[in-house]
Amino acid sequence: MLQAHSLLWNSLWIGPNALLLLLGGVIWARGVWRKFPTFLVFAFVSGFGDLCVFYADIAPSVSPVSFWHIDWASLLFESALKFIVIGALFFNVIKPYKSISKLGQNLIRGSGAALLFLAALTAGLSRTDSPVRLISGAHLLEQTVFIVESGLVLFIFVFASFFHLRFDRLSFGVLLGFGVSACEHLAAWAILANAAPSAHGRTLLDFLNMATHLSCVLIWSYYWLTPEKRKTFPDRQKRPPTQPPSDPPSTFSGGNPKDHEEAVNDWNRELERLIHQ
Amino acid sequence: MTLAIILIISASLGLIFILVYSVSRSLQISRSSGIAGEIHPLDVEAFRNLVDPAELDYLRRSLRAAEFRAVQRERLRAMAAYIQVAARNAAVLIQIGNAALASGDRRTFEAARQLIDSALLLRRNALFALLRIYIAMAWPDSSFAAVPILSGYERLNGSAMLLGRLQHPAVPVRISAAR
């Protein structure tokens, strides 16, 4: 069962990518892609690219060297698109918050540069796991991409967590999928590129990678295709709109909205005086 | 192999952080209505005295160098404590503001947006101020100004009260202690 090219292997390779293409098709047909156009491009390119790699893997007419060339091309395109999606997502998240958007932009650029340096250093320190440069290079590139990707996703989560920024539901779902995928793939590629596992160990790690990819596509599908639940505000609903405040302060004497407006203006004048004194 | 272990540990910690964040985010959404009680009123006047440059000059003139350094370190610790509370209050206000953004009322929406901007600015300034305070603790003789934090906190106070009044006229939101 857990063998390369078994039914499960083939299903886990084809399934998530077919699902990703289907997701792209559905969000295109529904017109919701406008919320996040870069993700649509990513869905089509990533799904199609991985299916091409699968075909190259099983087709007898494709030589091993050609297979690795196709793998490299797919990896480079997919990685570039991932970074574009993550960047667009971060700017989407910080755009409404004027007071920290400049700080956020500077920090993500700095983090990207630092992660790239760290990833290059890690690649330099890694030992090559194959005498064929084309193969070991692909493994190191995977490791490099996932170091940068997981670092950027973590940076966005830490930044949002520190400032208590509110993600819109879709951005959160897309980022969650990328985060889970990047962390798992980083761990897997770190073993593949540095620990020289046995052939069976490699196959198991491939299964883990493919299963994680399937989970991430399911996460994205959930956030793209299910409607957002309407939030309710219990404490606003508890008090009937006509009921007067239970313990009104002296400046808020009645239920008349004009009184409230004047009282708010009074408060504001007092606060302005406090600030400028 | 060591490199692989480091990367695996980092990836695992990253994954745990993402999952914890995701769970806490959904919990935060479900309890966003009652968080105003988590605000700790802050005595702005006491903080103003603490960051007053005239006080610092007076202490510098009247104390011996070693005494001044010891006193100044204590004052910096107190400043840090104030700023941490202010930053925590700002975090709560961001959540209150985020919840209020869903309101259909335009004035409440605008007040919420203003509150969030002021609170984010305060949280950012608090971060930088804390960094400066911890550096200043190593060199207490250096002059230090936390006045931008103070004015930011006062602006935040105004925004919080305005939003509080618009949403719940009966329940004032105070982030500064009553005098």
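## Exercises on a predicted two-chain helical model

Helix H2 of chain A has 22 residues, and from first C-alpha to last it reaches 32 Å, close to the 32 Å expected at 1.5 Å a residue. Keep in mind as you work that this is a predicted model.

**Exercise 1. Find which residues of H2(A) are buried, and what they pack against.**

Step 1. Start at the N-terminal part of the list: A:Phe39, A:Leu40, A:Phe42 and A:Ala43 are among the buried residues.
Step 2. Continue along the helix, and you also meet A:Ser46, A:Gly47, A:Gly49, A:Asp50 and A:Val53 as buried residues.
Step 3. Now look for the partners: the buried residues of H2(A) pack against H1, helix H3 (64-94) and H6 of chain A.

**Exercise 2. Describe helix H1 of chain A: its span, its buried residues and what covers them.**

Step 1. H1(A) covers residues 7-30, which is 24 residues. Its ends are 33 Å apart, C-alpha to C-alpha, close to the 34 Å expected at 1.5 Å a residue.
Step 2. List the buried positions: A:Leu12, A:Trp13, A:Pro16, A:Asn17, A:Leu20, A:Leu23, A:Gly24 and A:Ile27.
Step 3. A reminder helps in reading that list: an α-helix has 3.6 residues a turn, so residues three or four places apart point the same way.
Step 4. The cover over these buried residues includes helix H2 (37-58) and helix H7 (199-225) of chain A.
Step 5. Just past the helix comes A:Gly31, with a positive phi near 80°.

**Exercise 3. Work out why A:Trp13 counts as buried, and which residues it touches.**

Step 1. Place A:Trp13 first: it sits in helix H1 of chain A.
Step 2. A:Trp13 counts as buried because it has 23 C-beta neighbours inside 10 Å, and the cut-off is 20 or more.
Step 3. Leaving out residues up to four places away in sequence, A:Trp13 touches A:Phe54 and A:Met210.
Step 4. For a long-range pairing, take A:His213: it is 200 residues from A:Trp13 in sequence, and their C-alpha atoms are 9.0 Å apart.

**Exercise 4. Say what stands out in the backbone of A:His164, and whether this residue is buried or exposed.**

Step 1. A:His164 lies in the loop between helix H5 (133-163) and helix H6 (169-194) of chain A.
Step 2. Its phi is positive, about 55°, although A:His164 is not a glycine.
Step 3. For background, most residues other than glycine have a negative phi.
Step 4. A:His164 is buried, because 20 other C-beta atoms lie within 10 Å.

**Exercise 5. Set the two chains side by side, and then examine the largest nonpolar core.**

Step 1. Count the elements: chain A has nine helices and zero strands, while chain B has six helices and zero strands.
Step 2. Turn to burial: 30% of the 277 residues of chain A count as buried, and in chain B buried residues make up 39% of 179.
Step 3. Of the contacts with a sequence separation of 6 or more, residues 24 or more positions apart account for 72% in chain A and 75% in chain B.
Step 4. The largest nonpolar core has 83 residues, of which A:Val153, A:Ile156, A:Leu186 and B:Ala90 touch the most other members. H6(A) gives the largest share of this core, 16 residues.

**Exercise 6. Decide where in chain A the model deserves caution.**

Step 1. The average pLDDT of chain A is 82, and 82% of the residues score at least 70.
Step 2. Over residues 232-277 of chain A, however, the pLDDT is below 50. Beyond near neighbours in sequence, that stretch has 36 contacts in the model.

Key: Residues are numbered from 1 along each chain as its sequence is written. Chains are lettered from A and ligands numbered from 1 in the order in which they are written. This is a predicted model: local features need pLDDT of at least 70, side-chain atom pairs count only at pLDDT 80 or more; totals for chains, interfaces and linings use all residues. Helices (H or I, at least four residues) and strands (E, at least two) are DSSP runs, numbered from the N terminus. A residue is buried if 20 or more other C-beta atoms lie within 10 Å of its own, exposed if 12 or fewer, and partly exposed in between; C-beta atoms are placed from the backbone. Two residues are in contact if their C-beta atoms, placed from the backbone, lie within 7 Å. The expected span of a helix is 1.5 Å times one less than its number of residues. pLDDT is the predictor's confidence in each residue, from 0 to 100. A nonpolar core is a set of buried Ala, Val, Leu, Ile, Met, Phe, Trp, Tyr and Cys residues joined through C-beta atoms within 7 Å.
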